[in-house]
Amino acid sequence: MIKYFNYPNATNSDWKKLYKFVLDAKQTSSSDKKVEFEVWKKRWLSICKRRPYSSVYLLFDKNKIIATINAIVKNPGEKSEVLLIIYNCKDFDVLEKYQQQLLIHLNHLSKTFKSSTLTARHTIIDKIAKQANFTVSNQLIFFDLDLKKYKPNKKLLSKGAKSIKQGKLKFRFVSSASIEEYSKIAKLFTTLLNDIQCANKSRHYLVTANDLLANEKNILSKTLYLFLFDEKDNFIGMSVVSYPRKKPVIVNQYMTGVLKKYRKQGLSTWLKIKMYEKLKSELPKITNIKTDCYSKNLGIIRINKSLGFDTVKSELEYIYKNDN
Ligand SMILES: CC(C)(COP(=O)(O)OP(=O)(O)OC[C@H]1O[C@@H](n2cnc3c(N)ncnc32)[C@H](O)[C@@H]1OP(=O)(O)O)[C@@H](O)C(=O)NCCC(=O)NCCS
């Protein structure tokens with residue numbers, strides 16, 4: 001049975017069931033596992049508060065939660081409104097017998113919003129998405145870099161360094177910023193996100209200063225940026241990573257890029273190399289960097305490969321557009 005998780009009215013027992021599921025489904029990294037129930041609940045509530053139009057659905061097998069479906073609404077009410085549907089499950093094979101319920105639920109969700117998108121993390125989700133008339137919009141590629149074996153490529157680094165010198169650019173690592181600075185960062189982040197090379201650009205991204213402030217305040221994970229600035233101190237490029245505050249082992253790299261005018265000068269490669277140098281020297285326990293991108297984003301794929309990333313897997317992203 002699929003139930004809406006009505007969190008303001010949920011009982012402590014409902015919360016505990018969800019907490020257990022989250023831990024079991026390894027939705028948290030090993031170091032996050034020690035997070036106490038109350039801390040986890042507080043964090044979950046703060047995420048819900050930031051996403052008032054979003055909901056969580058729980059798939060029950062008898063009395064046990066076996067999957068969650070997060071439905072996050074971006075740009076509510078606008079032309080660019082999009083519902084991001086995220087299926088979380090420890091073992092997707094068990095969803096086989098719930099296919100019909102999941103299909104009805106997905107049909108209902110996708111008819112409620114202007115457009116909906118999901119990433120198929122398993123063939124069952126692929127199947128359900130197709131049955132609900134979703135079509136493939138993009139392919140995502142997931143990469144992994146073994147930081148223990150990684151050696152910075154001096155030639156690649158010097159190409160970017162030369163461009164930095166010529167362009168009189170400056171750089172700075174940032175983990176905390178003022179709201180004014182976050183507004184500038186959010187603008188750069190939004191521009192780069194909307195500029196990603198992909199097969200189907202049906203999504204419009206918007207990052208706000210408040211989103212970035214909330215990331216800074218996240219009690220579980222830490223966000224670290226490396227920025228490039230021009231002579232007038234405008235933000236022109238960035239690389240951002242996030243990792244668990246306690247005992248970080250794996251780092252996620254979300255966005256690396258520079259504004260159009262500064263491309264093909266080795267700057268993004270340089271940003272990545274500098275970021276890994278910093279992580280290696282300050283957090284020696286880190287073993288891997290994970291990142292992903294669209295299969296059409298040839299620039300970042302070339303960079304990741306030149307830096308020694310391995311391709312781990314690929315997933316299809318689906319979209320449904322509601323014509324009503
Ligand atoms: C993709 C992106 C990051 C590349 O940045 P960049 O600063 O131009 O990259 P670099 O100059 O370091 O390029 C490294 C290599 O990739 C190649 N490359 C860069 N963009 C390319 C493209 N669109 N197609 C093919 N190759 C490309 C460069 O020619 C260079 O190759 P070389 O080593 O043989 O000279 C940039 O286009 C960008 O900011 N895009 C928008 C944001 C984005 O997509 N970020 C990645 C999100 S996952």
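**Ligand shell**

I started with the residues around the ligand: the shell splits into 9 nonpolar, 9 polar and 4 charged. For that split, Ala, Val, Leu, Ile, Met, Phe, Trp, Tyr, Cys and Pro count as nonpolar, Asp, Glu, Lys and Arg as charged, and the others, Gly among them, as polar. Note to self: this is a predicted model, where local features need pLDDT of at least 70, side-chain atom pairs count only at pLDDT 80 or more, and totals for chains, interfaces and linings use all residues. My numbering runs from 1 along each chain as its sequence is written.

Which residues come nearest to the ligand? Out of 22 around it, I noted Gly257, Arg263, Ser268, Thr269 and Gly299 (near means a C-beta atom, placed from the backbone, within 6 Å). Two or more shell residues each come from β10 (250–258), α8 (267–282) and α9 (298–307). With 5 residues, α9 gives the largest share. Helices here are DSSP runs of H or I with at least four residues, strands are runs of E with at least two, and both are numbered from the N terminus.

**Gly266**

Next I looked up Gly266, which sits in the loop between β10 and α8. Buried or exposed? Gly266 is buried, because 21 other C-beta atoms lie within 10 Å; the cut-offs are 20 or more for buried, 12 or fewer for exposed, and partly exposed in between, with C-beta atoms placed from the backbone. Leaving out residues up to four places away in sequence, Gly266 touches Leu156, Lys159, Gly160 and Ser163 (contact is C-beta atoms, placed from the backbone, within 7 Å).

**Helix α3**

Then I went to α3, residues 99–112. Its 14 residues reach 20 Å from first C-alpha to last, close to the 20 Å expected at 1.5 Å a residue (expected span is 1.5 Å times one less than the number of residues). I listed Leu102, Leu106 and Ser110 as its buried residues. Why do they line one face of the helix? Seen down the axis of α3, they fall within an arc of 60 degrees, so they line one face; the arc is taken over the directions from the helix axis to the C-beta atoms. They pack against β5 (115–120), α4 (123–131) and β12 (310–321). On the other side of α3, I found Gln100, Ile104, His108, Lys111 and Thr112 exposed.

**Domains**

Last, I checked the domain assignment: domain 1 is 2–133 and domain 2 is 143–314, with bounds from an automatic or database assignment. Their C-alpha centres lie 28 Å apart. I noted 12 residues of domain 1 in contact with 12 of domain 2. On the domain 1 side, α2 (37–50) and β5 give two or more residues each.

Terms used:
Contact = placed C-beta atoms within 7 Å.
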